[in-house]
Amino acid sequence: MKTLQTFFLFVFVPLVNSAPPIQQESLQFYEYDTDATVGSLIQQDYEMQSNDIRKDGTNVSLDTSLRLQGDDSDGNAAPTKDTNLPTCLLCVCLSGSVYCEEIDIEAVPPLPKETAYLYARFNKIKRIAVSDFADITTLRRIDFSGNKIEEIEDGAFSKLLLLEELSLAENRLLKLPVLPPKLTTFNANQNRIKSRGIKANAFKKLTNLAYLYLGHNALESVPLNLPESLRILHLQYNNITTITDDTFCKSNNTRYIRTSMDEIRMEGNPILLAKHVNAFSCLRTLPVGTYY
């Protein structure tokens, strides 16, 4: 009997081996149209699940892993832009500059107090309020080109005493706001501004203004009281029909020369400049436009 037991042990024991440990595949999952934080959390979640799997010796299928990652998400949903994020997550903040370009915002976002340069081009902003810049006194440049701005509250820029450059080009403005005193460059090209939308002394006190762009609007006349500091004036493609001897010069002072003015563009207006020769007697170069 002992001989038979020994025989069976000798035959069958070598055929029984311990089961090999479960081999885990290294799977990498990617969540598209999410930020790095969400992706990191998903990866951490998967790694924790993998560690639990190794401990209890069980496996999880690929479908189950995917369900763990995306129970609340719709794979077919179009990506959207969350405009309710804090400004420096929604925009790019870098050394006093804030870049909020082409992100579909509809209002000026809250800005860090040290902001000096704001670039908010090609968005859907419709209105600028006094409160937008009430606490931001460090701004030197603002660019709102390519928005849908129709209204700017009175005094919206009144506290921006350091502002030097302001662009409101390619919007829907019918009138100009009160401008801050230290502006050197103002661009309001391609709006809907008429002459009655510009106050008589709108530019008179802007003694640093060198570049004024008002092309492609609906002006019927050249703005009054242009400052002596002006070097470049663009008025092309408006509806200007008349110019007086005091528009650029001083009719009571034949010796007056406007020394700073380098360029005036008036092409595309329904006016023959040759009929107003005396209006340019103080200029070093004649305006660009139609003479005959």
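User: Leaving aside neighbours within four places in sequence, what is Ser97 in contact with?

Analyst: Val92 and Tyr117, if residues up to four places away are set aside. Contact here means heavy atoms within 4.5 Å. This is a predicted model, where local features need pLDDT of at least 70 and side-chain atom pairs count only at pLDDT 80 or more, while totals for chains, interfaces and linings use all residues. Residues are numbered from 1 along each chain as its sequence is written, and side-chain values use heavy atoms, with hydrogens and water left out.

User: Ser97, buried or exposed?

Analyst: Buried, at 10% relative accessible area. The cut-offs are under 20% for buried, over 50% for exposed and partly exposed in between, with a 1.4 Å probe and protein chains only. Ser97 is in strand β2, residues 97-99. Strands are DSSP runs of E of at least two residues, helices runs of H or I of at least four, and both are numbered from the N terminus.

User: How many helices and strands in the protein?

Analyst: Four helices and 11 strands. Of the 292 residues, 37% are buried.

User: What about phi of Ser95?

Analyst: Near 50°, which is positive in a residue other than glycine. Most residues other than glycine have a negative phi. Ser95 sits in the loop between β1 (92-94) and β2, and is exposed at 75% relative accessible area. Asp104 also has a positive phi, near 65°. Asp104 is in the loop between β2 and β3 (117-119) and is partly exposed at 33%.

User: New topic. Where is Asp132?

Analyst: In the loop between β4 (127-128) and β5 (141-143).

User: Which side chain of opposite charge is nearest to Asp132?

Analyst: Arg127, 6.6 Å away; Asp132 is buried and has no salt bridge. A salt bridge needs a side-chain nitrogen of Lys or Arg within 4 Å of a carboxyl oxygen of Asp or Glu. Lys and Arg count as positive, Asp and Glu as negative, and His and the chain ends are not counted. Beyond four places in sequence, Asp132 touches Val108 and Arg127.

User: And which residues in the largest nonpolar core touch the most other members?

Analyst: Phe133, Ile142, Phe144, Phe186, Phe203, Leu214 and Phe248, out of 59 residues. Such a core is a set of buried Ala, Val, Leu, Ile, Met, Phe, Trp, Tyr and Cys residues joined through side-chain atoms within 4.5 Å. Outside four places in sequence, the contacts of Phe144 include Val108, Leu118, Phe133 and Ile149.
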